[in-house]
2 protein chains.
Amino acid sequence: MTVKGRLAALDWGTSSLRAALLDANGAVLDERSPGRGILSVAPGEFPTVFDAACGDWLRAGTPHAIVSGMAGSRQGWMEAPYCTCPAGFAEIAAHLAWIERGRIGIVPGLSCEAGGVPDVMRGEETQILGALDLLGTDDAVFVLPGTHSKWARVTRGRIETFSTFMTGEFYALLRKQSILARTLPEADGDLDEQVFRRGVDQSLRGAGLLHNAFGVRTLSLFDRLEADALSSYLSGLVIGEELRAQELPAKMPVIVIGAPALTRRYEIALQALGASAQSLGSEATWRGLWRIAQAAPW
Amino acid sequence: MTVKGRLAALDWGTSSLRAALLDANGAVLDERSPGRGILSVAPGEFPTVFDAACGDWLRAGTPHAIVSGMAGSRQGWMEAPYCTCPAGFAEIAAHLAWIERGRIGIVPGLSCEAGGVPDVMRGEETQILGALDLLGTDDAVFVLPGTHSKWARVTRGRIETFSTFMTGEFYALLRKQSILARTLPEADGDLDEQVFRRGVDQSLRGAGLLHNAFGVRTLSLFDRLEADALSSYLSGLVIGEELRAQELPAKMPVIVIGAPALTRRYEIALQALGASAQSLGSEATWRGLWRIAQAAPW
């Protein structure tokens, strides 16, 4: 009683677990967010959490389940060794790690190397490939903003190279743990887009974040920025610093995948660089998982 | 019963207080480190702490006391408004803030401005001017490494401009509060100079600290660096990032003022840039305070 072509798709990250039931064309029939990121799951408890999330779909005849994200890390359900770049649907599908051969597969993360230093991603590869498919392109620059932002270059449908920026984490450290925490108000207000842009421009001048971050303190000390605007300025500084490190191909739009509040900031910052941006939400994940499943040797 | 020309010199910072009794030529007769940085002093308690540190010297006939450092900040004993750059002995001496006119003076900090963003220092101006005097030069580049490193350019005996880098604070945040804390061993071992240099070189390549810091994690993940060497690599990354932002005049040595363990790191890093370094310890503070006192309108 398998329901031909149906797929249970799971995006299982550090702090969240989302599941979708997809039909034979990849359309979403049902979607759930049970929470339960891998940090909240004890070793040995993964099968139970998986079953609670989507066991009913499998019992009702969905033949396959596919999982992306940190569930495939050493601290997750089962380690799915990194697949080396360049990698597209075919390479990733060929390297699924099997929880149950032909039934439950885990998508491997990707690794690449630049100047003797490795880099890694887990989960973002699925979003990037899904976005390619949704946009009908196979040549693009991607950014997936977050705690650890990923920039990736895709050529002929394969992720050629990528690199990680600890932008969100630096922001949180500076905002909450550094000397700047004494200057900034307790809670972040709404984004002040003009002040944010001023922070971006300051970083693009190139003095570096070690120096520019101190400006949050002095601009406040000399009453040049109101307290409520300081976190927008700091956000502009860190995102501007991330952008400064990119070599963007001329005339190629940057595809930003993420939540609207964050993608909006990247759109403004990319404008400051004279680059255009195109934003996409989490729909890319389901499409990526569905396409990987199509290519997998079940 | 004044002892002609004697001076009580105090270096009163955020986390430490040091006092020296100097003779008419600026030689140190006695030196004390009572601890008691301004963070440990309640408002109103400053006169008592001052008296415990050097009141006996004044009672025994030393006519003047001079104080540099954060004691002159808004959170200190009395705010000594910033003196604007360029500033040398004359400008600073003319702007002493008086706890007691003609008897106890506080050295003002300096401010400057670049691209619409102000910068400030308090205490370092005294060390820089003291070092100039000790070295018999009036044209130099200085770095004072620390939680907030200061780089300064001195021309014709006056500090023309300077800028702050939150290098020590970023190191501590990344070392102790970031995701890297899970990768790094609990305690720092001895500096591994070769690995430190590798971190410096990596930063000089220019991808930025937001990216390079993530390399600490991946180099460990792929067993490319031993756990004990990771903190040396991270230290090289942050100091290298600080150096990358400098425009150093050709053939001018950089004068590094600080504790030997830290100045050694800057010597190695400056070598990587092809620049030469000359190191100096805290003797510069006493010389600076003595020379400012000579120029002051007691």
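The following exchange concerns a predicted model and asks how some descriptions of its chains are reached.

Me: Why are α6(A) and α7(A) called roughly antiparallel to each other?

Reply: The axes of helix α6 (residues 209–221) and helix α7 (residues 230–244) of chain A come within 10 Å and cross at roughly 170 degrees. Angles over 145 degrees count as roughly antiparallel, and α6(A) and α7(A) are therefore described in that way. The crossing in which α6(A) passes α7(A) is right-handed.

Me: Which residues in α6(A) and α7(A) meet, and how do they divide by class?

Reply: From α6(A) come A:Leu209, A:Asn212, A:Ala213, A:Val216 and A:Ser220, which meet A:Leu230, A:Tyr233, A:Leu234, A:Leu237, A:Val238 and A:Glu241 in α7(A). By class, this contact has 8 nonpolar, 2 polar and 1 charged residues.

Me: What makes chain A as compact as a globular protein of its length?

Reply: Chain A, whose secondary structure comes to 9 helices and 14 strands, has a radius of gyration of 21 Å, and the globule rule gives 19 Å for 298 residues; the two values are close, so chain A is as compact as a globular protein of that length. Buried residues make up 51% of the 298 residues in chain A, where a residue counts as buried if 20 or more other C-beta atoms lie within 10 Å of its own.

Me: How many residues of chain B are in contact with chain A, and which element gives the most?

Reply: On chain B, 35 residues are in contact with 35 residues of chain A. To that side of chain B, α6(B) gives the most, with 9 residues, and the residues of this side divide into 17 nonpolar, 12 polar and 6 charged.

Technical notes
Residues are numbered from 1 along each chain as its sequence is written. Chains are lettered from A and ligands numbered from 1 in the order in which they are written. This is a predicted model: local features need pLDDT of at least 70, side-chain atom pairs count only at pLDDT 80 or more; totals for chains, interfaces and linings use all residues. Two residues are in contact if their C-beta atoms, placed from the backbone, lie within 7 Å. Helices (H or I, at least four residues) and strands (E, at least two) are DSSP runs, numbered from the N terminus. Ala, Val, Leu, Ile, Met, Phe, Trp, Tyr, Cys and Pro count as nonpolar, Asp, Glu, Lys and Arg as charged, and the others, Gly among them, as polar. Axes are lines fitted to C-alpha atoms, for helices over the stretch in contact, and angles run from 0 to 180 degrees between N-to-C directions. Angles under 35 degrees count as roughly parallel, over 145 as roughly antiparallel, 65 to 115 as roughly perpendicular and the rest as oblique. A crossing is left-handed if the near helix is turned anticlockwise from the far one by less than a right angle, and right-handed if clockwise. The radius of gyration is taken over C-alpha atoms; the globule rule is 2.2 Å times the number of residues to the power 0.38. A residue is buried if 20 or more other C-beta atoms lie within 10 Å of its own, exposed if 12 or fewer, and partly exposed in between; C-beta atoms are placed from the backbone.
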